[in-house]
Amino acid sequence: MNMDLGEGLRKALAKLTKSTIIDAKTIREFNKDLQKTLISADVEVQLVLQFTKDIEEKVLKSKPPSGLAPTDYITNIVYDELVKLMGSTYTPQIKKQRILLMGLYGSGKTTTAAKLAKYYQDRGLSAGVICCDVARPAAYEQLETLAKQANVAFYGAKGEKNAAKIVKDGLIELKDKQVLICDTSGRNALDNQLTEELKKISKEFGPDEKVLVISADIGQVAARQAREFDKAVKVSGVIVTKMDGSGKGGGALSATNAASTRVMFIGVGEKLTNIEPYNAEKFIGGLLGMPDIASLVSTVQQAIKEANIKPEEMEAEELNFDTFYTQLKTMGGMGSLKSVFGMMGAPDIPKDMVEQSEEKLKRYKVIIASMTKEERRDGKLLHDTKRIARIAKGSGTSENDVHRLVSDFNKMKKMFNSLKNDRNFKKRFGKFM
Ligand SMILES: Nc1nc2c(ncn2[C@@H]2O[C@H](COP(=O)(O)OP(=O)(O)O)[C@@H](O)[C@H]2O)c(=O)[nH]1
Ligand SMILES: [Mg+2]
């Protein structure tokens with residue numbers, strides 16, 4: 001019995017999302033679920049192990065940026081790794097081109113030829129198909145019928161066994177078509193005869209793309225097939241058909257991706273419109289049951305980007321008497337100032353600063369209130385004894401009290417400056433301000 005890949009992934013993710021703590025054990029269990037699911041979708045074991053190892057490493061070695069739910073962060077990691085496993089999005093170019101289709105029997109070449117021609121024609125280009133399958137008796141009629149249904153041009157030569165000649169004539173016959181798709185013979189396995197035939201067709205046709213068509217049911221065998229065809233005739237991409245009916249689609253996609261060939265289109269049904277460019281976001285979002293995965297990914301990427309902003313790029317709030325005063329005013333005491341600084345990663349505030357009496361604090365407030373704006377902003381002005389005398393008088397305190405405030409403030413400022421280069425401290429302080 002073959003568990004559906006999407007269902008398995010969704011279940012594993014749902015289970016993870018429900019866990020209250022996410023630690024090594026939770027991740028390992030999650031990975032076991034992923035492994036079971038992927039292996040039953042015929043993803044090659046070695047790829048599965050690498051996939052889960054990467055997830056475990058990323059999750060355990062990094063922390064979600066602040067403000068981001070851990071499960072969103074992990075979902076994003078899983079998504080990134082799935083894209084790495086299955087391949088990234090292909091964007092077809094809507095332009096004049098020739099596409100040569102190759103593949104074994106029953107892989108879906110003929111159907112795909114008509115689907116592709118229709119795909120480009122529906123996007124404004126004129127298109128035609130050429131039947132170069134000289135092996136199968138009914139190949140001509142099959143493609144002719146499909147071409148008629150798709151409303152695209154068709155060229156073939158019934159009974160002609162020289163595929164290269166068919167191509168030559170077809171190019172003349174269909175010379176006004178912007179997109180030409182060439183369908184070729186299949187085999188049970190790639191052999192020398194087919195290799196030679198494909199080479200001759202290719203030489204005559206001059207394709208922009210040499211595309212291997214494989215059926216999703218072959219699963220991980222797709223890797224071997226892609227390598228064999230690539231070695232024999234060079235492959236520029238793969239189309240995976242029958243993604244609609246196979247539980248091995250994940251296996252076929254990952255194998256193709258591992259064979260270093262890109263997946264261009266996927267076939268998702270028998271109808272002529274059932275073809276789509278491979279879109280990682282759509283496909284993997286669908287597997288994860290999260291059609292809006294793109295917005296989650298961009299949220300996470302934004303949060304990661306913000307967390308990576310270099311300290312020098314961040315505006316640090318200067319600590320001056322103004323900010324000091326605001327803090328005293330809003331927090332009402334050194335006790336809470338201590339807890340705020342502790343929270344910000346500076347637990348070692350000098351003891352004599354912490355253990356300020358309420359009375360002393362009130363005194364500080366009135367002293368600062370008696371300073372001018374300039375004095376509050378620029379502590380250096382308070383080296384001036386005349387200013388100190390004026391402030392003491394204005395606040396009804398002694399000059400000694402003012403000196404003590406300035407000295408406490410300087411201690412705090414020194415500590416603050418040494419912490420300022422600590423990125424985390426700065427971030428938290430920034431938030432707090
Ligand atoms: N469900 C489904 N069937 C497909 C798809 N592509 C092709 N087929 C079917 O697969 C069978 C073989 O296709 P065909 O184009 O003749 O393969 P060829 O031998 O490589 O030319 C046909 O019955 C097609 O209708 C697909 O994406 N989904
Ligand atoms: Mg065929």
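Me: Helices (H or I, at least four residues) and strands (E, at least two) are DSSP runs, numbered from the N terminus. What follows α9, and what is the sign of its phi?

Reply: K234 comes directly after α9. The phi of K234 is positive, near 65°. This is a predicted model; local features need pLDDT of at least 70, side-chain atom pairs count only at pLDDT 80 or more, and totals for chains, interfaces and linings use all residues. Residues are numbered from 1 along each chain as written, while chains are lettered from A and ligands numbered from 1 in the order written.

Me: How does the span of α9 compare with what is expected at 1.5 Å a residue?

Reply: The expected span is 1.5 Å times one less than the number of residues. α9 covers residues 221–233, 13 in number. From first C-alpha to last, α9 reaches 18 Å, close to the expected 18 Å.

Me: Which residues of α9 are buried?

Reply: Buried means 20 or more other C-beta atoms, placed from the backbone, within 10 Å of the residue's own; exposed means 12 or fewer; partly exposed is in between. In α9, A222, A223, Q225, A226, F229 and V233 are buried.

Me: Why are the buried residues of α9 said to line one face?

Reply: Their arc is 165° seen down the helix axis, so they line one face of α9. The arc is that of the directions from the axis to the C-beta atoms. On the other side of α9, R224 and K231 are exposed.

Me: What do the buried residues of α9 pack against?

Reply: They pack against three strands and two helices by name: β1 (97–102), β5 (209–215) and β6 (237–241), then α8 (192–205) and α10 (249–258). Contact here means C-beta atoms within 7 Å.

Me: What makes A12 count as buried?

Reply: A12 has 22 C-beta neighbours inside 10 Å, so A12 counts as buried. A12 lies in helix α1 (residues 5–18). Leaving aside residues up to four places away in sequence, A12 touches F30, D33, L34 and T37. The C-alpha atoms of A12 and K32 are separated by 9.0 Å, although these residues are 20 apart along the chain.

Me: What makes β7 mostly covered?

Reply: In β7 (residues 263–267), 5 of its 5 residues are buried.

Me: How many residues surround ligand 1, and which are closest?

Reply: 18 residues surround ligand 1, each with its C-beta atom within 6 Å. The closest are G108, K109, T110, T111 and G267. Helix α5 (residues 109–122) gives the largest share of this shell, 3 residues.
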